[in-house]
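Trainee: I am new to this structure and would be grateful for a close look at a single part. Could you please take me through the largest pocket and its surroundings?

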Amino acid sequence: MKQQLTAALQRIADGDAASAAAEWEMIRKLPRTEDGLFDTASVDPDLFEAARWVYPVYAAYETECNKKEGYPDLLKQFGVLDKKYREKNDPEAAAAYLDALLGTIDNVSPQLYEYYRELVDMFRTGVKEAIAAYYKDGSFGAKGGRADQMIRKSIAHAGAIDVLLAEKYTEYC
């Protein structure tokens with residue numbers, strides 16, 4: 001399913017969003033958990049890892065083909081994901097959560113500022129907390145590990161797309 005989602009996101013980025021309708025419909029029809037999140041266990045058993053694949057495609061299709069009607073649901077789900085991320089307090093979860101959030105921000109229209117801005121604020125807060133928690137002494141523990149690389153990549157990408165002030169975070173890129 002990850003390959004399908006990756007291909008769908010690429011087709012949307014290439015301007016062929018209509019061809020991703022099947023993947024969007026597959027996401028939309030995922031069962032929901034008690035707290036309203038998509039049940040993404042069929043994508044990946046780890047909630048945050050699955051979010052990296054599901055939510056950017058959901059956001060991209062909503063932006064390009066569904067007149068942004070799913071944005072309230074998207075924001076509501078990220079509110080729940082944000083709470084779950086804070087409960088987890090784990091570098092791998094932080095890395096996957098930040099990557100999912102940034103991938104989603106990349107695909108949400110800035111013209112609908114209140115939705116875009118709320119996601120950006122979640123990302124900025126998440127980055128600040130991850131830095132405070134995992135880079136306390138100037139290192140990440142397993143420097144160069146997967147979580148460290150994903151966090152650094154997210155910070156660098158966020159600086160490149162003006163979600164973060166790049167100059168402020170250069171030591172983490």
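Mentor: The following account takes up the pocket, and then one pair of helices. This is a predicted model, in which local features need pLDDT of at least 70 and side-chain atom pairs count only at pLDDT 80 or more, while totals for chains, interfaces and linings use all residues. Residues are numbered from 1 along each chain as its sequence is written, and side-chain values use heavy atoms, leaving out hydrogens and water.

The largest pocket has a volume of about 430 Å³. A pocket here is an open set of points on a 1 Å grid over the protein atoms alone where a 1.4 Å probe fits, with protein on both sides within 12 Å along at least five of seven lines; lining residues have an atom within 4 Å of a point. The volume is the space filled by probe spheres set on the points, which are joined across faces, edges and corners. Of its 17 lining residues, Leu9, Arg52, Asp99, Gly103 and Lys153 are the closest to the centre. At least two lining residues come from each of α1 (2-13), α3 (47-64), α5 (91-105) and α7 (146-160), and α7 gives the largest share, 5 residues. Helices are DSSP runs (H or I, at least four residues), numbered from the N terminus.

α1 also meets α2 (residues 21-28): their axes, lines fitted to C-alpha atoms over the stretch in contact, come within 9 Å and cross at roughly 125 degrees. In this contact (heavy atoms within 4.5 Å), Gln4, Leu5, Ala8 and Arg11 of α1 face Glu23, Met26 and Ile27 of α2.

Methods
Axes are lines fitted to C-alpha atoms, for helices over the stretch in contact, and angles run from 0 to 180 degrees between N-to-C directions.
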